[in-house]
2 protein chains.
Amino acid sequence: MKEQRKRRVPRRIREQQIIDVAVTVFSKRGYHAASVDEIADLAGISKPMVYLYLDSKEGLFVACLRREAERLVTAFQAAARGQQGPDARLYAGLGAFFGFVSEHRDSWVVLHRQASELSETIAGEVALARRAVMEQVAGLISDGIAESGSTADLREEDADFVAHALVGAADYVTDWMERHPDQAPDTVTLRLMNMLWVGMRNVLNGEAWLPPVAPDPPQ
Amino acid sequence: MKEQRKRRVPRRIREQQIIDVAVTVFSKRGYHAASVDEIADLAGISKPMVYLYLDSKEGLFVACLRREAERLVTAFQAAARGQQGPDARLYAGLGAFFGFVSEHRDSWVVLHRQASELSETIAGEVALARRAVMEQVAGLISDGIAESGSTADLREEDADFVAHALVGAADYVTDWMERHPDQAPDTVTLRLMNMLWVGMRNVLNGEAWLPPVAPDPPQ
DNA sequence: AAGTAATCTTACTGGGAAGTAAGGTAGCTC
DNA sequence: GAGCTACCTTACTTCCCAGTAAGATTACTT
């Protein structure tokens, strides 16, 4: 752990180093199983420093959450902005998402795989981070709905529904990506776009799938 | 916790009672934050009984995992079997999934929201449970591919991809469901089918979405 | 160079939870 | 009713880990 000769480091930078390590450890072990000792150790620092700068284990986790959520949202926005048309924006946003997740897998795990095992205090913070991501996507969707001049009666509620389905699909597809490293993030994005957007477009145009007429009695 | 007058209960039944409680506690607290003391207490029993019957905390968790995975897969299969056509089977399967999840939310949380914070020993078990679910869905998808006589070159890999996207969408939609209790599981199923199946059908038919021609330079 | 503020450490405390030792008690069989 | 087995308990031990007390060292300021 000896970087060099006990060089001292200003707070701003040290905090980021600590958060860097914390994200990987929280991702690998989960919130409770992660120990502040290990994080401090891997950061090449002693435990009281963590408490001095980040207050508590919760504070440290919240700091991770906020930073990674902001990074992801920023990447998403940056990619989507400046694209023409809702489909192009969604495609760009999705691409940014997959790029981010495949490059910062730990960040994603911390942001979205920590549903349980959190104190009430943090739970709200997680919900906030999740919502930030969802809102970005839902925004793009409702743009799409608006611009398509849809005849179907799709409203904000629907955009939210579609956003959930889309983010969920994207999330799980990252698992698939892990087992298919030959597939570039771009390719994956395109596949998903094809699966989803084409469907959405047709739904917007009023094309519908209907269940077959009652083949088996209820219960 | 006094059921009645210290009634003794045969092992078979007691084990199930313990697992019942454990699923809810693991779901609420997460693996590490859950305490065997609490589980034993809520089951109206003392801790050594848990260790006598389930060996260890890990053993208890694995038991939960196995039982709930089997229940879900069974429900899915039962619904899909006997339906005519791949879309009807998928619709029925999805419906069973949402029914199961909305009725046994804890089971689903235990099955799929425990990615991190698991010892190596359990991690494999979780992967196994997840794969069981994925395989059911992927099976239905590739049936769909086969029956559609698709001209596109979709193979098993594609079925796997679509299965991931689909299960992910379904998973996250359960979160949406929680905030929209007025929406019946059936309605939700239909919405998702419309969003996904229509898109898949068109993709199978060769209709494709293509990204707009390079509006911005790489990097 | 003295003073001072920021960075950093060793070495502890306290509590919570996994797992166990040792032994009760109900209900069955003979 | 004697004895056996399955069910069940109280009361520990042990270890891990969040959080802290007390103080050392570096480097900047004047």
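At 5% relative accessibility, B:Phe97 counts as buried, where buried means under 20% relative accessible area, exposed over 50% and partly exposed in between, with a 1.4 Å probe and protein chains only. Its partner B:Trp108 is buried too, with a relative accessible area of 0%. This is a predicted model, in which local features need pLDDT of at least 70, side-chain atom pairs count only at pLDDT 80 or more, and totals for chains, interfaces and linings use all residues. Side-chain values use heavy atoms, with hydrogens and water left out; residues are numbered from 1 along each chain as its sequence is written, while chains are lettered from A and ligands numbered from 1 in the order in which they are written.

**Aromatic pairs and ring contacts**

- A search of the whole structure finds 12 aromatic pairs over all chains; rings of Phe, Tyr and Trp (its six-membered ring) pair if their centres lie within 6.5 Å, and planes under 30 degrees apart count as stacked, over 60 as edge-to-face and the rest as tilted.
- One of them joins B:Phe26 and B:Tyr31, whose ring centres are 5.7 Å apart with planes at 20°, so this pair is stacked.
- B:Phe26 is buried at a relative accessible area of 0%, and B:Tyr31 is buried at 6%.
- B:Phe97 and B:Trp108 make an edge-to-face pair, with 4.9 Å from centre to centre and 90° between the planes.
- That pair links distant parts of the chain, since B:Phe97 belongs to helix H5 (residues 86-103) of chain B and B:Trp108 to helix H6 of chain B, 11 residues apart; helices (H or I, at least four residues) and strands (E, at least two) are DSSP runs, numbered from the N terminus.
- In chain A, ring pairs connect A:Phe26, A:Tyr31 and A:Phe61 into a cluster.
- The charged end of A:Lys57 sits over the ring of A:Tyr31, 4.8 Å from its centre; for such a contact, NZ of Lys or CZ of Arg is within 6 Å of the ring centre and within 35 degrees of the ring normal.
- Across the two chains, B:Arg130 lies over the face of A:Tyr172, at 5.6 Å from the ring centre.

**An enclosed helix in chain B**

- Helix H6 (residues 105-112) of chain B has 7 of its 8 residues buried, so this helix is largely enclosed by the rest of the structure.
- The buried residues of H6(B) are B:Arg105, B:Ser107, B:Trp108, B:Val109, B:Val110, B:Leu111 and B:His112.

**DNA strand C**

- There are 21 residues around DNA strand C, and A:Arg8, A:Ser46, B:Arg7, B:Arg8 and B:Lys47 come nearest; a residue is near a strand if one of its heavy atoms lies within 4 Å of it.
- Sugar and phosphate account for 50% of the atoms of DNA strand C that come within 4 Å of the protein.
- A base oxygen of DNA strand C is 2.4 Å from an N or O atom in the side chain of B:Arg8.
- Phosphate oxygens of DNA strand C lie 2.9 Å from a polar backbone atom of A:Arg11 and 3.0 Å from a polar backbone atom of B:Val36.
- Helix H1 (11-29) and helix H3 (47-54) of chain A, together with helix H2 (36-42) and helix H3 (47-54) of chain B, each supply at least two residues of the surface near this strand.

**DNA strand D**

- Of the 21 residues around DNA strand D, A:Arg7, A:Arg8, A:Lys47, A:Tyr51 and B:Ser46 come nearest.
- Sugar and phosphate make up 51% of the atoms of DNA strand D that come within 4 Å of the protein.
- A backbone N or O atom of B:Ser46 lies 2.6 Å from a phosphate oxygen of DNA strand D, and a side-chain N or O atom of A:Tyr51 is 3.2 Å from a phosphate oxygen of the strand.
- A polar side-chain atom of B:Tyr53 lies 3.5 Å from a sugar or linking oxygen of DNA strand D.

**Backbone at Asp55**

- A:Asp55 has a positive phi of about 80° although it is not a glycine, and its place is in the loop between H3 and helix H4 (57-80) of chain A.
- At 63% relative accessibility, A:Asp55 counts as exposed.
- B:Asp55 also has a positive phi of about 80° without being a glycine, and B:Asp55 counts as exposed at 62%.

Terms used
Polar contact = N/O pair within 3.5 Å; in protein donor to acceptor, adjacent residues only side chain to side chain.
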